[in-house]
Amino acid sequence: MSESAQPVFHEEQSFRLMRQRILVAIPPVSMLLLLIWQVLLGHPWGKRPLSNAGVIGWTIFLWLVYFRLVTVRLVTDVRANELSVAMRGLWRERRIPLDQIKSAKSVTYDPVRDYGGFGVRTTPRGKAYIASGHRGVRLELAKGGVILIGSERPEELELAIHRSK
């Protein structure tokens, strides 16, 4: 399959979970406050303070990790012979040949109750790729197994899969 082939269906979803973004921001913000206190104001923190270079290094590292995590996107593409789904920026792309898909159906689900939350999840129900919302397409594979792909446009994704087969 050519990487440059135009997709029949393309969707990018970001994680819109503000509470999680705030929770993930606590370590870098804390290190930034420590940096201001210790490096800029000159007040060492604790009995055995981290060196100024260490504080600066950890602060930069934690902010880089934070920005990497908040820019992760769920990207779904349907091309002529395959469906690909990836958590861009975090997880490698999974390619599924369309001839291995036995059925595709739009479904409504509860991400927390049914799959344990958002992200890439493996449960007894199958594997799930969920960025946000409660709608998606459930794929049954010819070799057995189930994959759920969360989508803001599940009907279009289902139709693109059926048309491209």
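**Salt bridges, a helix pair and a nonpolar patch**

I'll start with one residue: E82 counts as buried, at 9% relative accessibility. Everything I say today refers to a predicted model, so please take the distances and areas as values computed from that model.

What does E82 pair with? E82 forms a salt bridge with R95, and the closest N and O atoms are 2.6 Å apart. E82 sits in strand β3, residues 82-88, and R95 in strand β4, residues 94-97, so this pair ties together parts that are 13 residues apart in sequence. The partner has another setting: R95 is partly exposed, with a relative accessible area of 35%. The cut-off for buried is under 20% and exposed begins over 50%, so R95 at 35% falls in between. The pair also has company, since E82, E93 and R95 are linked in a network of salt bridges.

Now the other salt bridges I picked out. The count for the model comes to 8. One of them joins D77 to R79, with the closest N and O atoms 3.8 Å apart. Is D77 buried or exposed? D77 counts as buried, at 3% relative accessibility. R79 counts as buried as well, at 9%. With a cut-off of under 20%, that places D77 and R79 on the buried side.

Another salt bridge is made by the side chains of R153 and E156, at 3.1 Å from N to O. Here R153 is partly exposed, with a relative accessible area of 30%. E156 is partly exposed too, at 44%.

Next, the helices. The axes of helix α1, residues 18-40, and helix α2 come within 9 Å and cross at roughly 160°. That makes α1 roughly antiparallel to α2; the cut-off for that label is an angle over 145 degrees. As for handedness, α1 passes α2 in a left-handed crossing.

Between α1 and α2 there is a loop, and P44 is found in it. P44 counts as exposed, at 57% relative accessibility. How far is P44 from H134 in space? The C-alpha atoms of P44 and H134 are 48 Å apart, for a separation of 90 residues in sequence.

Helix α2 comes up again on the surface. Which residues make the nonpolar surface patch? The patch is made by V24, L50, W58, F61, V65, L69, L90 and W91, and has an area of about 750 Å². Helix α2, residues 52-70, gives the most to this patch, with 4 residues. V65 is a convenient example, as V65 is found in helix α2. V65 is partly exposed, with a relative accessible area of 34%. A residue needs over 30% to be taken into a patch, so V65 at 34% passes that step.

One last residue, from the start of the chain's strands. F9 is placed in strand β1, residues 9-14. F9 is buried, with a relative accessible area of 3%. F9 and I130 are 121 residues apart in sequence, and their C-alpha atoms are 17 Å apart in space.

To recap, E82 is buried and bridges to the partly exposed R95, α1 runs roughly antiparallel to α2, and α2 gives 4 residues to the nonpolar patch. That's what I have.

Note on methods. Residues numbered from 1 in each chain as written. Predicted model: local features only at pLDDT ≥ 70, side-chain atom pairs only at ≥ 80, totals over all residues. Heavy atoms only, no water. Patch = residues over 30% accessible without salt bridge, like charges linked within 9 Å, V, L, I, M, F, W, Y side chains within 5 Å. Areas by Shrake-Rupley, 256 points an atom, 1.4 Å probe, with all protein chains shown as cover. Salt bridge = Lys/Arg side-chain N within 4 Å of Asp/Glu carboxyl O. Helix = DSSP H or I, 4+ residues; strand = E, 2+ residues; numbered from the N terminus. Buried < 20%, exposed > 50% of the residue type's maximum accessible area, 1.4 Å probe, protein only. Axes fitted to C-alpha atoms, helices over the stretch in contact; angles between N-to-C directions. Parallel < 35°, antiparallel > 145°, perpendicular 65-115°, else oblique. Left-handed = near helix turned anticlockwise from the far one by under 90°.
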